[in-house]
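Please look over the charged side chains and the enclosed spaces of this protein. A short report follows the display.

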Amino acid sequence: MAAGFALGIVVAALAASGWAAPQREPAASQGVRQLADEGPGVRGFDERVDVTLVNVDVWVNDRQGKPVTGLGPETFEVLHDGQPVPITHFVEVRSGIITGEPATAQAAAGPGSASASVAAPSNLVAYFDQSRLHPANLRPLVQGLEDLLAAGAVEPERLLILRQDRNLSVEAPLGSSRKQLLEALGRLAKGGADGVARESETRLALDAIDAAWEQSQDTVASATGGLALVPDSANPTGEAGGGSPRSVVGGVGSAGGPDACGFFVNQVQPILDAWARSSRQRAALTLANLSDAASFLAGLPGVKVLLYMSDGLDVRPGAALATYASGLCPGAGVELLSGELSEDLTDRFLELTRHANTNRVTIHALQATGLRSPGAASAALDRSVRSRGSRQSSGGFEARKRTAEREGLSLLAVETGGRTVFNRNEFGPELVRIGEEASTYYSLAYEPPAGESGGRRSHRIEVEVGDGSLDVRYRSGYREKDPAQWLTERVEGALYLGITSNPLGVRLGAGNVRSGDEGKLRLPLHVMVPVERLAFLPRNGERIAALEIKVLARHLETDALAVRQQTFRVKGAPGAAGWADLPVELELDAGSYLTALGVQDQVSREASFVSTTLAVAPGG
């Protein structure tokens, strides 16, 4: 995964899934035997063709922002990459209940397919980006979520709370009680140290820019004053004010003229580059963590609403500070940023939103800075003008920066079908509204045109409603997902969120620990799968099943991650029963591990995802 995780997962999620403690089962029996491990991608088992449906959740509101209900499928028109497509599934969901008779079409479901006729419970994810939140701005957000819980707009067990600082952590997992959620919010209200560091870094950059400008003015003033005293033909005595051409050095020669700008450009570029580089790194970290969240949320059924909360997220990091510098010296603006530091991050944002759309994650963006007057934008940054009168108030910079950071927030929300919440000092009403909307929507699906993709893996979706006065929100597209990515994301969901399902009846056992290389310990796992749950295909006079297995093991203290993926073929006789014993060996350090396992039948595409804890010790 792109970013490190320190995820405090409650291991009790395993028991909640109906799993018993792992125990060893007898080896494969009754005519079943495991063949050699074939490695990734068993040939001959990729011939199954799935009918894939694209699911689109649509929120329709009137001009007052109230949900519009009672619309039928004939009201909607869907375009796939600009081409109209028939709606094959349609349901209206009101407060989580399907109204009317759902229109359905016969289709097989596979990895990445949609389930268009069942309204699964909606889940809310409160994502606190504390790397971009000042402590003073945390309390209104926390109060807003407390109001959301008090209003009953979302069931407590359906709310997941994530915290991002340098890493991404689960502050309260799904299934938490209202009391546990309030305790988690109380802990969050005390955070935001990274937001203070970010503000301090900005303040230092502003100080350095102002100092560079004043030094440039002083340097030019001293130089032109000295040159004016040097005798020449126009001023043979060298008297001050004699009109010497030496007083004009490449331009006007005044303290605010081109000469000062020339000195200023040389001094300010490294300052801008350093600030832009740091800002880009912070933005990239946030985008990577949001992408990881979208990945492990993929295993949750139904609508996933992610509330991204921060002071802002800039598509063009560094541009606001360069504009500030340009205000001091007109003409020396954004171009001061060198190379890639002058480029925006639009493509990175769109990559994230396509990924979120594919996993049915809608992002609502809340800017925590709230509604403030220009004089109160930031007490730390809005400093008084110095006596020279050449320095601008940095409150103007802060206002420009706040506006620029809305661009990234808007991009996240618009592309995924979410809302933006700006200029609010109280977030409770908006969060209650979003919580209620999460379970009131239209869910429709269509079959993408065969052979019309032109080799594209990303596709655009447009939804039109007959009444043009209505506000219609939906995900703007999706990216095709290969089976390997599908399997990985769901194993991550089992590891980080305890999202488990076990239709294959998989059980997990552990063998004796042995010494490995470089101080590692080798732990043999036995993945036990009931043979009667497997799909066999005839191959050269034999009946063969193929299974893809992926294991993730995370050390509970160090967060070190071990990954193992293998593909097995299993031979079975007609009427065979018993268990297929599929060995997977991990090399680990000593300690306790949260372990997640995904097993997929490559013929039926049925898959199980389970998790448990394992203690690894020498001789264990």
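A salt bridge is a side-chain nitrogen of Lys or Arg within 4 Å of a carboxyl oxygen of Asp or Glu. Arg-132, Arg-198, Lys-401 and Glu-405 are linked in a network of such bridges. The model is a predicted one.

**The chain overall**

The chain has 620 residues, and 51% of them count as buried. It contains 10 helices and 25 strands. Take the contacts between residues at least 6 apart in sequence: 76% of these join residues at least 24 apart. Across the whole structure, a search finds 24 salt bridges.

**The largest cavity**

The whole structure holds 4 cavities of 30 Å³ or more. The largest encloses about 130 Å³. Its lining is made of 14 residues. Nearest its centre lie Arg-132, Arg-198, Trp-275, Ser-279 and Glu-405. Among these, Arg-132, Arg-198 and Glu-405 also belong to the salt-bridge network.

What is the make-up of the lining, by nonpolar, polar and charged residues? The count is 4 nonpolar, 3 polar and 7 charged. Helices α4 (193-228), α5 (258-296) and α8 (394-416) each give the lining at least two residues. The largest share, 4 residues, is from α5.

**Paired charges**

Three salt bridges are listed here with their closest N to O distances.

| Positive residue | Negative residue | N to O distance |
|---|---|---|
| Arg-139 | Glu-146 | 3.0 Å |
| Arg-460 | Glu-415 | 3.2 Å |
| Arg-522 | Asp-517 | 3.5 Å |

The pair of Glu-415 and Arg-460 links distant parts of the chain, 45 residues apart. Glu-415 sits in helix α8, while Arg-460 sits in strand β14 (residues 458-465). Glu-415 counts as buried because its relative accessibility is 12%, under the 20% limit. Arg-460, at 42%, counts as partly exposed.

In the other two pairs, Arg-139 is partly exposed, with a relative accessible area of 38%. Arg-522 is partly exposed at 22%. Its partner Asp-517 is partly exposed at 47%.

**A buried lysine without a partner**

Where is Lys-304 found? It is in strand β10 (residues 304-310). Lys-304 is buried, yet it has no salt bridge. The nearest side chain of opposite charge is Asp-57, 7.9 Å away. That distance is beyond the cut-off, so the two do not count as a salt bridge: the nitrogen must be within 4 Å of the carboxyl oxygen.

Which residues touch Lys-304, leaving aside neighbours within four places in sequence? Its contacts are Asn-123, Leu-297, Ala-298, Asn-359, Arg-360, Val-361 and Thr-362.

Terms used: Residues numbered from 1 in each chain as written. Predicted model: local features only at pLDDT ≥ 70, side-chain atom pairs only at ≥ 80, totals over all residues. Heavy atoms only, no water. Buried < 20%, exposed > 50% of the residue type's maximum accessible area, 1.4 Å probe, protein only. Lys, Arg positive; Asp, Glu negative; His and termini not counted. Contact = heavy atoms within 4.5 Å. 1 Å grid on protein atoms, 1.4 Å probe; cavity = no way out; pocket = protein on both sides within 12 Å on 5 of 7 lines; lining within 4 Å. Points joined across faces, edges and corners; volume = space filled by probe spheres on them. Nonpolar A, V, L, I, M, F, W, Y, C, P; charged D, E, K, R; others polar.
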